[in-house]
Amino acid sequence: MDEIEGPEDGSETEPGSKRSARRRADEIKQFRCKNLIAVIENPTDIKNIGTVIRNVNALGVEKVCVVDSRKSLPDDWQELRERKAISKTSVSAVKWTFVKRFDSTEECFNHLERKNFRSIVTSPHVKGKAHAYLHEADFAAFTKLAVWFGSEAVGISDAAVARSEMTVSIPMFGMIESLNLGTSSGIVLYEVARQRRDYQSKYRLRDKRGPRANPLPTVIAQKDTPEQ
């Protein structure tokens, strides 16, 4: 799949919409978490892909990778955007989010590692790897980070765990010790993005080098709404 950026394609048709979209794009640019990718491994429900894309876009994550061994998704970006199940559940976020698909876990890891990304996987089980609860991990420790989410049916694969740096889990306190893919990806990506955005606000370079004299904001200021 060619790496074509969706957000810059000018898909909004009305001039007013274009201006509004451009203003919003300029407003959020500095808040995006560069070099942060969410990876979905072999999702069984295409609607969940749309939900994760929505979370990714809303939380300022840079890109999405989908391991699609069943080849249920198209390679063509435009065709992917037009899939109703994805467009509807993503609330059109797929129009503004870069998505790249892979035929296998190995292919995706090879691609990420060539670009110097380190991977962590979300799993409620330690599986012999270094493990941390979500609130304990340092997600700003890696310059380039990919966060992997397993399928709804079987979770993350052993192959993904083997090539990852560590496993991360959300603490559970109920009789039910699991969350669906949309919910868990939202919780995990919020914390990961929050930490990395906080780091970006304080430092220009890795390893806490290049401290900023004036930290960048980490949230977009709310605008006052006129009284009715």
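These exercises work through the sheet, a buried loop residue, a pocket and a cavity of a predicted model.

**Exercise 1. Lay out the sheet and find its edge strands.**

Solution.
Step 1. Start with the strand order. The sheet is open, has 7 strands and reads S3-S2-S1-S6-S4-S7-S5. The pairing is parallel.
Step 2. Go to the two ends of that order. Strand S3 (98-102) and strand S5 (131-133) are the edge strands. Each of them pairs on one side only.
Step 3. Add the twist. On average, neighbouring strands of this sheet are turned by 25 degrees against each other, direction ignored.

**Exercise 2. How many bridges join S1 to S2, and which helices pack on the sheet?**

Solution.
Step 1. Take the strand pair. Strand S1 (residues 33-41) and strand S2 (residues 61-67) run parallel and are joined by 6 bridges.
Step 2. Pick out one pair of partners. Ile40 has Val66 in S2 as its bridge partner.
Step 3. Place helix H5 (residues 105-114). H5 packs on the sheet and touches S1, S2, S3, strand S4 (118-122) and strand S6 (145-149). The direction of H5 makes about 165 degrees with that of S6.
Step 4. Place helix H7 (residues 181-202). H7 also packs on the sheet, with S1, S2, S4 and S6 as the strands touched. The direction of H7 makes about 160 degrees with that of S1.

**Exercise 3. Is Ser164 buried or exposed, and what does Ser164 touch?**

Solution.
Step 1. Locate the residue. Ser164 sits in the loop between helix H6 (158-162) and S7.
Step 2. Apply the cut-off. Buried means under 20% relative accessible area. Ser164 has 5% relative accessibility, so Ser164 counts as buried.
Step 3. List the contacts, leaving out residues up to four places away in sequence. Ser164 touches Phe109, Ser119, Ile120, Val121 and Lys129.

**Exercise 4. Describe the second largest pocket.**

Solution.
Step 1. Give the volume. The second largest pocket holds about 590 Å³ of space.
Step 2. Find the centre. Of the 26 lining residues, Ser123, Pro124, Ser178, Leu179 and Ser184 lie nearest the centre.
Step 3. Trace the lining to its elements. S5, strand S7 (166-169) and H7 each supply at least two residues. H7 gives the most, with 3 residues.
Step 4. Sort by class. The lining has 13 nonpolar, 11 polar and 2 charged residues.

**Exercise 5. What lines the largest cavity?**

Solution.
Step 1. Count. There is 1 cavity of 30 Å³ or more.
Step 2. Give the volume. The largest cavity holds about 40 Å³ of space.
Step 3. Name the lining: Gln30, Arg197, Gln200, Ser201, Leu216 and Pro217.
Step 4. Sort by class. This lining has 2 nonpolar, 3 polar and 1 charged residues.

Terms used
Residues numbered from 1 in each chain as written. Predicted model: local features only at pLDDT ≥ 70, side-chain atom pairs only at ≥ 80, totals over all residues. Heavy atoms only, no water. Pairing = 2+ DSSP bridges. Helix = DSSP H or I, 4+ residues; strand = E, 2+ residues; numbered from the N terminus. Axes fitted to C-alpha atoms, helices over the stretch in contact; angles between N-to-C directions. Contact = heavy atoms within 4.5 Å. 1 Å grid on protein atoms, 1.4 Å probe; cavity = no way out; pocket = protein on both sides within 12 Å on 5 of 7 lines; lining within 4 Å. Points joined across faces, edges and corners; volume = space filled by probe spheres on them. Nonpolar A, V, L, I, M, F, W, Y, C, P; charged D, E, K, R; others polar. Buried < 20%, exposed > 50% of the residue type's maximum accessible area, 1.4 Å probe, protein only.
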